[in-house]
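Biologist: Before I accept the terms used for this fold, I would like each label set against the value behind it. Could we go through them together?

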Amino acid sequence: MTDIHTARIEPFLTAAPVVPVVTVETPTQGIGLARALVAGGLPSVEVTLRTSGAMKALEAIAHEVPKARVGAGTVMSRMQAEDAVAAGAKFLVSPGATDSLLAACEDLPIPMLPGAATASEIMRLHEAGYRRLKFFPAGPAGGPAMLKAWGPPIADVKFCPTGGVSLDNATEYLSLPNVLCVGGSWVAPGDAVSAGDWARIEALAKQAAALSA
Ligand code: 3PG
């Protein structure tokens, strides 16, 4: 039986092998970037709530780029989660999890991908009903070897490793049975976003979309 959290978040994690983790300052940047990522074959986009303009950019993407499945990343509080829903986010991502954030998410109409980096954190989220988690920060926390070790004892949890994932190591993650997709910022480098170099980002997205296990 597929549990409710899994059914709601999984479409965002299986649309492509990579979920771009993007940092943008303005609606114009957000729209250009989202169009390039979608054109390159990466429809799920995580907009990190790390800049003062992030929420407005997310809102602009939600309205102007309907083919993008835009989510909010770096969600740390109930208020951010609620604001992201109001801005049109389709999913939420957090670097970790707290009781109050999880309680807030139970009341929201969109799914959450909470982060975990240890067996105990995974078990706590498992108890709360979550079977699809962000493994963050994937590289520093143990990389593919850690995910491999979690496979047998934590058999029904699958991950989106994020943090230190790149074109060079993505395949190593994607080949693991408990990995659904990877997250990463390498497809939207800051200098290309600042310069509005959407052709470069579309090319990076195409390369990422072609990754497979
Ligand atoms: C983040 O939240 O910053 C993501 O983990 C992106 O990490 P990366 O820049 O190493 O891809």
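Biologist: Which residues does Thr51 touch, not counting residues up to four places away in sequence?

Modeller: This is a predicted model, and in it Thr51 touches Thr23, Val24 and Glu25 once residues up to four places away in sequence are not counted. Thr51 has its place in the loop between β2 and α3 (54–64).

Biologist: Why is Thr51 called buried?

Modeller: The relative accessibility of Thr51 is 16%, and buried means under 20%, so Thr51 counts as buried. As a further landmark, the C-alpha atoms of Thr51 and Arg78, 27 residues apart along the chain, are separated by 18 Å.

Biologist: What makes His5 buried, and which residues is His5 in contact with, leaving aside its neighbours within four places in sequence?

Modeller: His5 has a relative accessible area of 12%, and because the limit for buried is under 20%, His5 is buried. His5 is placed in helix α1 (residues 4–13), and its contacts, leaving aside neighbours within four places in sequence, are Glu106, Ala128, Gly129 and Tyr130.

Biologist: How do you know how many disulfides to count?

Modeller: The count comes to zero, and two cysteines show the reasoning. The sulfur of Cys181 is 3.6 Å from the closest cysteine sulfur, that of Cys160; a disulfide needs the two sulfur atoms within 2.5 Å, so this pair is too far for a bond. For Cys105 the closest cysteine sulfur is again in Cys160, at 16 Å, which is too far for a bond by that rule.

Biologist: Are Cys105 and Cys181 buried or exposed?

Modeller: Cys105 has a relative accessibility of 4% and counts as buried, and Cys181, at 0%, counts as buried as well.

Biologist: What makes strand β3 (residues 69–73) largely enclosed by the rest of the structure?

Modeller: Four of the five residues of β3 are buried, so the strand is largely enclosed by the rest of the structure. On its pairing, β2 and β3 are joined in the parallel sense over five bridges, and in that pairing Glu46 stands opposite Gly71 in β3.

Biologist: Which strands are called the edge strands of the six-stranded sheet, and why?

Modeller: The open sheet has the order β5-β4-β3-β2-β1-β9, with parallel pairing. Its edge strands are β5 (112–113) and β9 (182–184), and each of these pairs on one side only. Toward the β9 end, three bridges join β9 to strand β1 (residues 18–22), the two running parallel, and Val18 has Val182 in β9 as its bridge partner.

Biologist: How do you know that β6 pairs with strand β7 (residues 132–135)?

Modeller: Two bridges join β6 to β7, which run parallel, and because at least two bridges are needed for two strands to pair, the pairing is counted. Ala116 stands opposite Phe135 in β7. The three strands form an open sheet in the order β6-β7-β8, with parallel pairing, and its edge strands are β6 (115–116) and β8 (158–161), each pairing on one side only.

Biologist: What is in the largest nonpolar core, and which of its members touch the most others?

Modeller: That core has 64 residues, and Leu37, Val47, Leu92, Val182 and Trp186 touch the most other members. Apart from it lies another core, of nine residues, which include Ile9, Phe12, Leu113 and Cys160. As for Leu37, leaving aside its neighbours within four places in sequence, it is in contact with Pro20, Val22, Leu42, Val45, Val187, Ile201 and Ala205.

Biologist: How many cavities of 30 Å³ or more does the structure hold, and which residues line the largest cavity?

Modeller: There is one cavity of 30 Å³ or more, and the largest cavity has a volume of about 40 Å³. What makes it a cavity rather than a pocket is that a 1.4 Å probe fits there but cannot get out. The lining of the largest cavity includes Leu13, Glu46, Leu113, Cys160 and Gly183.

Biologist: Which residues are the closest to the centre of the largest pocket?

Modeller: The largest pocket has a volume of about 160 Å³. Of its 14 lining residues, Val21, Thr162, Gly163, Gly184 and Ser185 are the closest to its centre, and the elements that give two or more residues to the lining are β2 (44–48) and β9.

Note on methods
Residues are numbered from 1 along each chain as its sequence is written. This is a predicted model: local features need pLDDT of at least 70, side-chain atom pairs count only at pLDDT 80 or more; totals for chains, interfaces and linings use all residues. Side-chain values use heavy atoms; hydrogens and water are left out. A nonpolar core is a set of buried Ala, Val, Leu, Ile, Met, Phe, Trp, Tyr and Cys residues joined through side-chain atoms within 4.5 Å. Buried means under 20% relative accessible area, exposed over 50%, partly exposed in between (1.4 Å probe, protein chains only). Contact means heavy atoms within 4.5 Å. On a 1 Å grid over the protein atoms alone, a cavity is a set of points where a 1.4 Å probe fits but cannot get out, and a pocket is an open set with protein on both sides within 12 Å along at least five of seven lines; lining residues have an atom within 4 Å of a point. Grid points are joined across faces, edges and corners, and a volume is the space filled by probe spheres set on the points.
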